[in-house]
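Here are a few notes to go with your first look at this one. Have the sequence and the 3D view open and take the points in any order you like.

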Amino acid sequence: MASFEVIGGKPLHGEIVPQGAKNEALQILCAVLLTSEPVTISNVPDIRDVNKLIELLRDLGVKVGKLSSDSYLFQADNVNLAYLDTPEFIAQAGALRGSVMILGPMLARFGRCQLPKPGGDKIGRRPMDTHFLGLEKLGGKLTLEGKDFYRIKAENGLTGAYMMLDEASVTGTANIVMAAVLASGTTTVYNAACEPYLQQLCKMLVRMGAKINGIGSNLLTIDGVEHLGGTEHRMLPDMIEIGSFIGLAAMTGSEITIKDCQIAELGLIPDTFRKLGIKLEFRGDDIYIPAQQHYEIDTYLDGSILTISDHTWPGFTPDLLSIVLVVATQAKGTVLIHQKMFESRLFFVDKLIDMGAQVILCDPHRATVIGLNHQKRLHGITMSSPDIRAGVALLIAALSAEGRSVIENVEQIDRGYQHIDQRLIALGAQIRRL
């Protein structure tokens, strides 16, 4: 199990380019299963979860050619359905949360798919009901074997239907959309997710020949077509990386420029960090963060304590709440962090408290942070990364802390952040992989 040794307390300086968006990649890559024609995808992040999904597609029989460091050519013209029945597939799919995204494309094009319960971060309950209820409404027949193995079939093809999703699940919406584009008739999806990554998927499918109306809204209308063709697609930069780098600059008092951010797609992220007192300057599509010795948390107009909470898009993404929480520990003022969507994502605050942060964990969903205003620095400790996002939050805390920190289980961080140690070393960080 790998670890990072971090010597903190040093300001960083320079430019950094965000990787391609992990959460977009997991959808876009599975969409190549919808056509037998070539699909070229660029700005693909070189991270464990994405590489494992590419390996899974290759083992399913998809031809995969690497065109450059971040570009691939895929062609699913000879998919091996028998591979679904092998122990190797079960092991692969069960270890990767993103494997759930093959359900819609496989069901639509080949009439069947099966899947063990996918893995992923242990951040609370992540039920798959939205995926299966939507696919069943399109005509899929679901069989559950035990508690951990799903089979779904559509021997007579899929038929469009009206559905109102029980939650605006991004991956659930994506699976339903990928199934509906090849279904006969019209599918209407109400309470659909509308994140930029879902919009990217829909735009890609339209270029492949799909008919989708309402992109960017929570009401999608999909007229099924008989087949889809090939296309080229470039993924957005990862908004979670961008937010992480903003937080890193503030915590370490660093001057950093984040390049090529596609600012128009970031939603509330810049303004949320501004509420913490962090100065940001947009320079074209770059975000410049000047070195700040102090940043002060806003209050509401009546002077009451600010609350920052997550919500479905266009609300603030839950993936950045751990970063916001860490950044607040060195702000001036107090903030309540309310994690609504997952019940276990705040369970890393004990490590911050051990480092000297003033945080009260109110319950599994809420934490109150009393900022230290850089008057009292955090100090280094040995800790373990519990999940991808908390791991990077702890890395940011370690880079701002006095002395030496060791972060164990950094394979979690590697699942979501591309060569993060090397990229931060280029900014002047002292990190060593053990």
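**Notes for a first look**

1. Start with helix α10, where the buried residues are Leu321, Ser322, Ile323, Val324, Leu325, Val326, Val327 and Ala328. The helix runs over residues 321–328 and is mostly covered, with eight of its eight residues buried. Keep in mind throughout that this is a predicted model.

2. Just before that helix, have a look at Asp319. It sits in the loop between β17 (306–309) and α10. Its relative accessibility is 10%, so Asp319 counts as buried. Leaving out residues up to four places away in sequence, Asp319 touches Asn23, Ile240, Arg345 and Arg389. UniProt, in an unreviewed entry, lists Asp319 under "binding site", along with Arg97 and Met341.

3. Asn23 is a good next stop, as it is one of the residues that Asp319 touches. The same kind of label turns up here: UniProt's unreviewed entry puts a "binding site" feature at Lys22 and Asn23. Asn23 lies in helix α1, and at 27% relative accessibility it counts as partly exposed. Neighbours within four places in sequence aside, Asn23 is in contact with Tyr197, Asp319 and Arg389.

4. Now for Lys22: is it buried or exposed? It has a relative accessibility of 7%, and since buried means under 20%, Lys22 counts as buried. Lys22 is placed in helix α1, which covers residues 22–31. Not counting residues up to four places away in sequence, Lys22 touches Pro45, Ile47, Asp49, Asp238, Ile388, Arg389, Arg415 and Gly416. If you click on Arg389, note that it appears among the contacts of Lys22, of Asn23 and of Asp319.

5. Arg97 is another position from the UniProt "binding site" listing in the unreviewed entry. You'll find Arg97 in the loop between α3 (87–94) and α4 (103–110). With 22% relative accessibility, Arg97 counts as partly exposed.

6. What about empty space inside? Searching the whole structure turns up three cavities of 30 Å³ or more, and the largest cavity holds about 50 Å³. Its lining is made up of Ser244, Phe245, Leu248, Val392, Leu395, Ile396, Tyr417, Ile420 and Leu424. Helices α8 (239–252), α12 (388–400) and α14 (420–425) each contribute at least two residues to that lining. By type, the lining has eight nonpolar residues, one polar and no charged.

7. How many aromatic pairs does a search of the whole structure find? There are three aromatic pairs. One of them is Tyr72 with Phe74, a stacked pair at 5.8 Å centre to centre with 25 degrees between the planes. Both Tyr72 and Phe74 are buried. Tyr83 and Phe89 make an edge-to-face pair, because their ring centres are 6.0 Å apart and their planes stand at 75 degrees. Tyr83 counts as buried at 11% relative accessibility, and Phe89 is buried with a relative accessible area of 0%.

8. One last residue to click on is Thr187, in strand β10 (residues 186–190). Its relative accessible area is 0%, so Thr187 is buried. With residues up to four places away in sequence left out, Thr187 touches Leu138, Gly160, Ala161, Met163, Ala180, Leu220, Thr221 and Ile222.

Key: Residues numbered from 1 in each chain as written. Predicted model: local features only at pLDDT ≥ 70, side-chain atom pairs only at ≥ 80, totals over all residues. Heavy atoms only, no water. UniProt positions renumbered as here; feature names shortened; annotations may be inferred. Helix = DSSP H or I, 4+ residues; strand = E, 2+ residues; numbered from the N terminus. Buried < 20%, exposed > 50% of the residue type's maximum accessible area, 1.4 Å probe, protein only. Contact = heavy atoms within 4.5 Å. 1 Å grid on protein atoms, 1.4 Å probe; cavity = no way out; pocket = protein on both sides within 12 Å on 5 of 7 lines; lining within 4 Å. Points joined across faces, edges and corners; volume = space filled by probe spheres on them. Nonpolar A, V, L, I, M, F, W, Y, C, P; charged D, E, K, R; others polar. Phe/Tyr/Trp six-rings, centres within 6.5 Å; stacked < 30°, edge-to-face > 60°.
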